[in-house]
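Trainee: Please take one turn of this chain and look at it closely, then work outward to the rest of the fold. I would like one connected account.

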Amino acid sequence: MVLDKEESVSLVSLQSREKPRGCAGCNRKIRDRFMLQALDRYWHEDCLKCACCDCRLGRLGSTLYTRANLILCRRDYLRLFGVTGNCAACSKLIPAFEMVMRARDNVYHLDCFACQLCRQRFCVGDKFFLKNNMILCQLDYEGVMRMNYRPRQLL
């Protein structure tokens, strides 16, 4: 097995005239109508599982991760080997598997991605501005620019 690899999983139909293949998980013959193909091997749908949480990888999606001879789902791979960081707004730790928002070099929890003056949260498609490393909504940005005011960084 390759270290640090993202691998696709595909569902393959076993043809009726085809000789049954051996499962890489349990070593038994695959006689099911469908089998999974991953890591250049074949698996029963129930045998291709995450080494940590035991979730079936054929059901979660079409990707699995391998590292240190472990087959992992995305969440466990990121939990074990992902890079964590701190939120630019609240300074609290952001787990590697958590969804985030990014603005230039800054990373934010989804709940923290809001105007730092009026606290308005942004929705998909909303305009926001980054002024002196502060996230601002359009109204506050225009006010800051109109007054030529340079807000101090929030602590």
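**A hairpin and its surroundings**

Mentor: Strand 7 and strand 8 form a hairpin with two residues between them, and A68, in the turn, has a positive phi of about 50 degrees. Keep in mind that this is a predicted model. Most residues other than glycine have a negative phi. The two strands of the hairpin are antiparallel and are paired over three bridges. One position to find on the display is T66, which stands opposite I71 in strand 8.

Next, look at what packs on the hairpin. The buried residues of helix 2 pack against strand 7 and strand 8. Those buried residues are D76, Y77 and L78.

The hairpin also belongs to a wider nonpolar cluster. The largest nonpolar core has 21 residues, and the members that touch the most others are W43, L48, L57, L64 and I71. Two or more residues of this core come from each of strand 5, strand 6, strand 7 (63-67), strand 8 (70-72) and helix 2 (74-81). Strand 5 gives the largest share, three residues. Another core lies apart from this one; it has 13 residues, among them C87, F122, L136 and C137. In soluble globular proteins, nonpolar side chains tend to be buried together.

Strand 5 and strand 6 lead on to a sheet. This is an open sheet of three strands in the order 2-5-6, with antiparallel pairing. Its edges are strand 2 (10-13) and strand 6 (41-43), each of which pairs on one side only. From one strand to the next, the twist averages 40 degrees. Strand 5 (residues 34-38) is joined to strand 6 by three bridges, and the two run antiparallel. Within that pairing, Q37 has Y42 of strand 6 as its bridge partner.

After strand 6 comes a loop that leads to helix 1, and one residue to check there is D54. D54 has a positive phi of about 65 degrees, although it is not a glycine. The loop also holds a salt bridge, one of two in the structure. D46 and R56 form it, with their closest N and O atoms 2.8 Å apart. Both partners sit in the loop between strand 6 and helix 1 (57-60), ten residues apart. How exposed are D46 and R56? D46 counts as partly exposed because its relative accessibility is 48%. R56 is also partly exposed, since its relative accessible area is 21%, and the cut-off for buried is under 20%.

The other salt bridge joins the side chains of R121 and D111, at 3.3 Å from N to O. R121 and D111 are both in the loop between strand 12 and strand 13 (128-131), again ten residues apart. R121 is partly exposed because its relative accessible area is 47%. D111, at 57% relative accessibility, counts as exposed, the cut-off being over 50%. Side chains of opposite charge can pair when their charged atoms come close.

R119 is found in that loop between strand 12 and strand 13. R119 has a positive phi of about 70 degrees and is not a glycine. With a relative accessible area of 55%, R119 is exposed.

Strand 12 (residues 106-109) contains H109. Is H109 buried or exposed? H109 counts as buried because its relative accessibility is 12%. Leaving out residues up to four places away in sequence, H109 touches C87, C90, K92, L93, I94 and E98. One of these, C87, is among the members of the 13-residue core.

Last, the chain as a whole. The chain has three helices and 14 strands. Of its 155 residues, 30% count as buried. The accessible surface comes to about 10800 Å², and carbon and sulfur atoms account for 47% of it. Among contacts between residues at least 6 apart in sequence, 27% join residues at least 24 apart.

Conventions: Residues are numbered from 1 along each chain as its sequence is written. This is a predicted model: local features need pLDDT of at least 70, side-chain atom pairs count only at pLDDT 80 or more; totals for chains, interfaces and linings use all residues. Side-chain values use heavy atoms; hydrogens and water are left out. Helices (H or I, at least four residues) and strands (E, at least two) are DSSP runs, numbered from the N terminus. Buried means under 20% relative accessible area, exposed over 50%, partly exposed in between (1.4 Å probe, protein chains only). Contact means heavy atoms within 4.5 Å. Accessible areas come from the Shrake-Rupley method with a 1.4 Å probe; for residues, only the protein chains shown count as cover. Two strands pair if DSSP finds at least two bridges between them. Axes are lines fitted to C-alpha atoms, for helices over the stretch in contact, and angles run from 0 to 180 degrees between N-to-C directions. A nonpolar core is a set of buried Ala, Val, Leu, Ile, Met, Phe, Trp, Tyr and Cys residues joined through side-chain atoms within 4.5 Å. A salt bridge is a side-chain nitrogen of Lys or Arg within 4 Å of a carboxyl oxygen of Asp or Glu.
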